[in-house]
Amino acid sequence: MRSEEEIHATVSLFPGLKFIVPMRRDGTGYVPGAAVSLPAIDALTDWAYYPKVDQVLAYGSPGIFSWRGLYKLEGTEPAAIGGGHNAMSGQIYLHGVASRHEVIVTGETSIAVYDGQHPLRDVSGWSEEAIGPTVWVYDLPALDKVLIAGAHGLFELTRDDRLVELPLPPGTGTHVGNVTEMPASHIAVIFTENTVLALDRAGNLTLIVGAGRVEPKFLGFNTVVRIPVREEVFVDAQNGHFLVRDEAITGAGSCDAATHGAPH
């Protein structure tokens, strides 16, 4: 594995011809290394470098006579990863999961996991009816969880490649628009289309105190930002700006506004 201090920039000079340029930290800045040419790949989806598996990956087909699938771009020819569902349908997305040193591949018909060494592993428990055609992946290292959120619900991706539903409390909606971890509090803040929940390490979902006063915008909670130095989460809602706090960290009385119904 390369150092965490190393990042990569990608350069495209001509259609189908791409290079990767390693950038290594030098004091307070970065110094570019030698550009490395990558093999061309057509019908390309989500081309990127994934540091946790130390590989450049792409989903697509290297030619009209090749299978569509996940490929590792190195050397002179793309290397097929194999395994899982070849030719996943619809738009394909690759999600780096740093806490597990894996890449999750999501499509409209299946989900698979790649660990950088072995063929793709299919994830069980997926169905478009249960989850929805489009999913979002959230890596929550402080909770030792990876969540899959879809239009129809919230699921945990276990380490043995199963999707386990995390039922949302009645009346809180079915669509999850954002998940933000609060590591010091060992919770994740879950924003549905109409309320705010807390998820703990045991998988329990509870309504956050004061959530009933927060009104989502037309497309849900669009702006959600964690403030690490204070262990707070800023929320831009339809009826104003709010903070999600853990009183055990921010101090006694810091959440009185939520418990007493004050406007902020």
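Two exercises with worked solutions follow.

The model is predicted; local features require pLDDT of at least 70 and side-chain atom pairs pLDDT 80 or more, whereas totals for chains, interfaces and linings use all residues. Residues are numbered from 1 along each chain as its sequence is written, and side-chain values use heavy atoms, without hydrogens and water.

**Exercise 1.** Determine which strands pair with β10 and whether β10 is buried or exposed.

*Solution.*
Step 1. Strands are DSSP runs (E, at least two residues), numbered from the N terminus, and two strands pair if DSSP finds at least two bridges between them.
Step 2. β9 (residues 93–97) pairs with β10 in the antiparallel sense over five bridges, with G96 opposite V103.
Step 3. β11 (residues 111–114) is joined to β10 by four antiparallel bridges, and Y114 is the bridge partner of V103 there.
Step 4. Five of the five residues of β10 (residues 102–106) are buried (under 20% relative accessible area, 1.4 Å probe, protein chains only), so the strand is largely enclosed by the rest of the structure.
Step 5. The buried residues cover both faces: E102, I104 and T106 on one side, V103 and V105 on the other.

**Exercise 2.** Locate R201 and describe its surroundings.

*Solution.*
Step 1. R201 lies in the loop between β19 (196–200) and β20 (205–207).
Step 2. Its relative accessible area is 47%, so R201 is partly exposed (between the buried limit of 20% and the exposed limit of 50%).
Step 3. Beyond neighbours within four places in sequence, R201 is in contact (heavy atoms within 4.5 Å) with A142, L143, D144, K145 and H186.
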